[in-house]
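Me: Please take a close look at one part of this chain, the packing of its helices around the nonpolar core, and set it in the context of the whole model. I would like one connected account rather than a list.

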Amino acid sequence: WFHGLSMRFWPCKSKCDEFAFTIAIELHRLLLIDGASVLGITSGAMSYIAERRLEEKERRRAEIVDAAEAAGRDVGLDALTMDDVARRSRLSRALIYVYFQDRTDLMFGLAERAMQMLHGRFVEAAERNRIGLDQVAAMGRAYVAFSQEFPVLFDALARCELQSPDP
């Protein structure tokens, strides 16, 4: 979906913040257990095990994003640290870094969740209305409601900037 784009968070405060991300597909690929299980060329039992491990990794990653969102509500995104997330998730800091390369990567995880949720709300708003103008108005209301219901995710999404890579 966002092929050829990179993601940056501003303002840049460290060299890590300059890191350009490929979108969710790239992150998903990094979480895969092995290439064989993805291609489906292993035995049924091995596929099941690899699939279960992938599900466990995705669940753990979602739990870390949950913890980051909760910690962000408490301290704000500017002050949010990996230590805050580790404490909130009751995981070691080292394990957090297994799932997220750095703080910027974690912020990307928050923005990714926000985009998914907001997209779902936009689709729902568009489906409830038949006329284009009504659809746009409903999407606008969904956007404002999202910003009020999920201020941390909205803030993470607002800080996210998509850019085309330099040629």
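Reply: What follows moves from the whole chain to the core, then to one helix within the core, and then to a helix pair and a loop.

The model is a predicted one, and its chain holds eight helices and two strands, which run from the N terminus in the order β-α-α-α-α-α-α-α-α-β. Buried residues make up 35% of the 167 residues in the chain, while the accessible surface comes to about 10,200 Å², with 56% of that area belonging to carbon and sulfur atoms. Among the contacts with a separation of 6 or more, 62% are accounted for by residues 24 or more positions apart.

The largest nonpolar core has 26 residues, and the members that touch the most others are Ile64, Leu77, Val85, Ile96, Phe100, Leu106 and Leu110. Two or more residues of this core are given by each of α3 (44-75), α4 (82-89), α5 (93-99), α6 and α8 (151-159), and the largest share, six residues, comes from α6.

Val85 shows in detail how one of these core residues is surrounded: leaving aside neighbours within four places in sequence, Val85 is in contact with Ile64, Ala67, Ala68, Leu80, Ile96 and Leu106. Ser89, which has its place in helix α4, counts as buried because its relative accessibility is 17%, under the 20% limit. With the same neighbours in sequence set aside, the contacts of Ser89 are Ala67 and Ile96, and both of these residues also appear among the contacts of Val85.

Helix α6, which spans residues 103-127, also contains Arg113. Despite its charged side chain, Arg113 counts as buried, since its relative accessibility of 17% falls under 20%. When residues up to four places away in sequence are not counted, Arg113 touches Ala62, Val65, Asp66, Glu69 and Leu153.

The pair formed by α7 and α8 can be described in the usual terms, for two packed helices are characterised by the angle between their axes and the distance between the axes. Here the axes of α7 (residues 132-149) and α8 come within 5 Å and cross at roughly 115 degrees, and the two helices are therefore roughly perpendicular to each other. On the α7 side the contact is made by Tyr143, Phe146, Ser147, Gln148 and Glu149, and on the α8 side by Pro151, Leu153 and Phe154. By class, this contact of α7 with α8 comprises five nonpolar, two polar and one charged residues. Leu153 thus has a part in the contact between α7 and α8 and is also touched by Arg113.

Elsewhere in α7 lies Ala145, which counts as partly exposed because its relative accessibility is 23%. Ala145 and Arg121 are 24 residues apart in sequence, and their C-alpha atoms are 9.6 Å apart in space.

The last detail concerns the loop between α4 and α5, where Arg90 has its place. Most residues other than glycine have a negative phi. Arg90, although not a glycine, has a positive phi of about 60 degrees, and with a relative accessible area of 76% this residue is exposed.

Notes: Residues are numbered from 1 along each chain as its sequence is written. This is a predicted model: local features need pLDDT of at least 70, side-chain atom pairs count only at pLDDT 80 or more; totals for chains, interfaces and linings use all residues. Side-chain values use heavy atoms; hydrogens and water are left out. Helices (H or I, at least four residues) and strands (E, at least two) are DSSP runs, numbered from the N terminus. Buried means under 20% relative accessible area, exposed over 50%, partly exposed in between (1.4 Å probe, protein chains only). Contact means heavy atoms within 4.5 Å. Accessible areas come from the Shrake-Rupley method with a 1.4 Å probe; for residues, only the protein chains shown count as cover. A nonpolar core is a set of buried Ala, Val, Leu, Ile, Met, Phe, Trp, Tyr and Cys residues joined through side-chain atoms within 4.5 Å. Axes are lines fitted to C-alpha atoms, for helices over the stretch in contact, and angles run from 0 to 180 degrees between N-to-C directions. Angles under 35 degrees count as roughly parallel, over 145 as roughly antiparallel, 65 to 115 as roughly perpendicular and the rest as oblique.
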